[in-house]
Amino acid sequence: MNLENYFDWVQAIESIFEMKEYNEEKSLQLVILKLKGYASLWYEHLRKNSIGKVESKIKTWSKFKKHMDKKSQPSSYK
């Protein structure tokens, strides 16, 4: 996914969360269900690597989005 598509996707998904008044946990559940292809594999890898690490478990959309931002955006992006 290119950077522009990523930002468009995040904006669209956050609009749905706002419209449906989803909380952080429900938002994350919806996103996980909608992941496809590489994104789904990436999430499974991230989830498996965080097992047993209490501080790194992803339980909210905000925390998940931070991980996605790191993965999707080049390090030079500000």
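A residue counts as buried under 20% relative accessible area, as exposed over 50%, and as partly exposed in between. The legends below refer to a predicted model.

**View 1. Arg-47 and Glu-44 form a salt bridge in helix α3**. The closest N and O atoms of Arg-47 and Glu-44 are 2.7 Å apart. The two residues are three positions apart in helix α3, about one turn of the helix. Arg-47 has a relative accessible area of 34%, so it is partly exposed. Glu-44, at 29%, is partly exposed as well.

**View 2. Asp-69 and Lys-65 form a salt bridge in helix α4**. The N to O distance here is 3.4 Å. Four residues, about one turn of the helix, separate Asp-69 and Lys-65 in α4. Asp-69 is buried because its relative accessible area is 19%. Lys-65 is partly exposed, because its value is 21%. The count for the protein is two salt bridges.

**View 3. Helices α2 and α4 come within 8 Å of each other, axis to axis**. Helix α2 covers residues 24-34 and helix α4 residues 61-72, and their axes cross at roughly 45 degrees. Therefore α2 is oblique to α4. On the α2 side the contact is made by Glu-24, Ser-27, Leu-28 and Val-31; on the α4 side, by Trp-61, Ser-62 and Phe-64. Of these contact residues, four are nonpolar, two polar and one charged.

**View 4. Confidence along the protein, as pLDDT**. The mean pLDDT is 84, and 86% of the residues reach 70 or more. Among the elements, α2 has the highest mean, 93, and helix α3 (residues 37-50) the lowest, 85. Where pLDDT is low, the predicted coordinates should not be read in detail.

Technical notes:
Residues numbered from 1 in each chain as written. Predicted model: local features only at pLDDT ≥ 70, side-chain atom pairs only at ≥ 80, totals over all residues. Heavy atoms only, no water. Axes fitted to C-alpha atoms, helices over the stretch in contact; angles between N-to-C directions. Parallel < 35°, antiparallel > 145°, perpendicular 65-115°, else oblique. Contact = heavy atoms within 4.5 Å. Nonpolar A, V, L, I, M, F, W, Y, C, P; charged D, E, K, R; others polar. pLDDT = per-residue confidence, 0-100. Salt bridge = Lys/Arg side-chain N within 4 Å of Asp/Glu carboxyl O. Buried < 20%, exposed > 50% of the residue type's maximum accessible area, 1.4 Å probe, protein only.
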